[in-house]
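User: Could you take a close look at the cysteine pair in this model for me? Once that is clear, please carry on to the side-chain contacts around charges and rings.

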Amino acid sequence: QVQLVESGGGLVQPGGSLRLSCVASGSFFIIYNMGWYRQGPGNQRELVARITRRGITEYADSVKGRFTISRDDAKNTVYLQMNNLKPEDTAAYYCKMHVTKADGPFDYWGQGTQVTVSS
């Protein structure tokens with residue numbers, strides 16, 4: 001089994017910053033793509049950012065220039081640095097990893113961490 005555990009969420013004022021982390025544990029060979037998604041109240045889950053094993057990144061238009069995704073493969077960890085946060089960034093943030101195991105490739109999700117941007 002593979003488990004993803006997110007951390008770093010919380011309450012922050014507009015213009016503030018947070019750094020999310022997501023660590024993978026369990027039995028697997030390689031983690032390919034890592035990504036962050038979010039789901040606000042009444043909204044569908046949407047892609048925020050993702051990064052390939054080669055370090056190629058992709059961002060939602062709404063976060064470009066404010067958020068930065070990075071990964072540390074030695075620690076099986078993906079990060080999301082969020083700067084200049086806005087109230088519309090309020091959501092539950094989920095990490096997702098595409099993992100190769102002995103019995104094939106699988107996608108795994110974390111349990112989510114809440115980010116609330118409010119004054």
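Analyst: Happy to. In this predicted model, Cys22 and Cys95 are both buried. The two are joined to each other by a disulfide, with an S to S distance of 1.9 Å, and the structure holds one such bond. Cys22 belongs to strand S3 (residues 18–26) and Cys95 to strand S9 (residues 91–101), so the bond ties together parts that lie 73 residues apart in sequence.

Now to the charges. Searching the whole structure turns up seven salt bridges. One of them is between Arg66 and Asp89, whose closest N and O atoms are 2.7 Å apart. Like the disulfide, this contact links distant parts of the chain: Arg66 comes from the loop between strand S6 (57–59) and strand S7 (67–72), while Asp89 comes from the loop between strand S8 (77–82) and S9, with 23 residues separating the two. Arg66 is buried, and Asp89 is buried as well. The pair also has company, as Arg38, Glu46, Arg66 and Asp89 are joined into one network by salt bridges that share partners.

Other salt bridges have another setting. Lys64 and Asp61 meet through their side chains at 3.0 Å, N to O, and both of these residues are exposed. Arg50 and Glu58 form a further salt bridge at 2.7 Å, N to O. Here Arg50 is partly exposed, because its relative accessibility of 32% falls between the 20% and 50% limits. Glu58 is likewise partly exposed, at 36% relative accessible area.

The rings come next. The count of aromatic pairs is two. One of them brings together Phe106 and Tyr108, with 6.3 Å from centre to centre and 50 degrees between the planes, a tilted arrangement. If you are wondering about the label, an angle under 30 degrees would count as stacked and one over 60 as edge-to-face, so 50 degrees is tilted. Phe106 is partly exposed at 31% relative accessibility, whereas Tyr108, at 13%, counts as buried.

Phe106 has a charged partner too: Lys101 lies over the face of its ring, 5.4 Å from the ring centre. A similar contact involves Arg19, whose charged end sits over the ring of Tyr79 at 4.0 Å from the centre.

To come back to your cysteines, the picture is a buried pair whose disulfide connects S3 with S9.

Definitions and conventions:
Residues are numbered from 1 along each chain as its sequence is written. This is a predicted model: local features need pLDDT of at least 70, side-chain atom pairs count only at pLDDT 80 or more; totals for chains, interfaces and linings use all residues. Side-chain values use heavy atoms; hydrogens and water are left out. A disulfide is a pair of cysteine sulfur atoms within 2.5 Å. Helices (H or I, at least four residues) and strands (E, at least two) are DSSP runs, numbered from the N terminus. Buried means under 20% relative accessible area, exposed over 50%, partly exposed in between (1.4 Å probe, protein chains only). A salt bridge is a side-chain nitrogen of Lys or Arg within 4 Å of a carboxyl oxygen of Asp or Glu. Rings of Phe, Tyr and Trp (its six-membered ring) pair if their centres lie within 6.5 Å; planes under 30 degrees apart count as stacked, over 60 as edge-to-face and the rest as tilted. A charge sits over a ring if NZ of Lys or CZ of Arg is within 6 Å of the ring centre and within 35 degrees of the ring normal.
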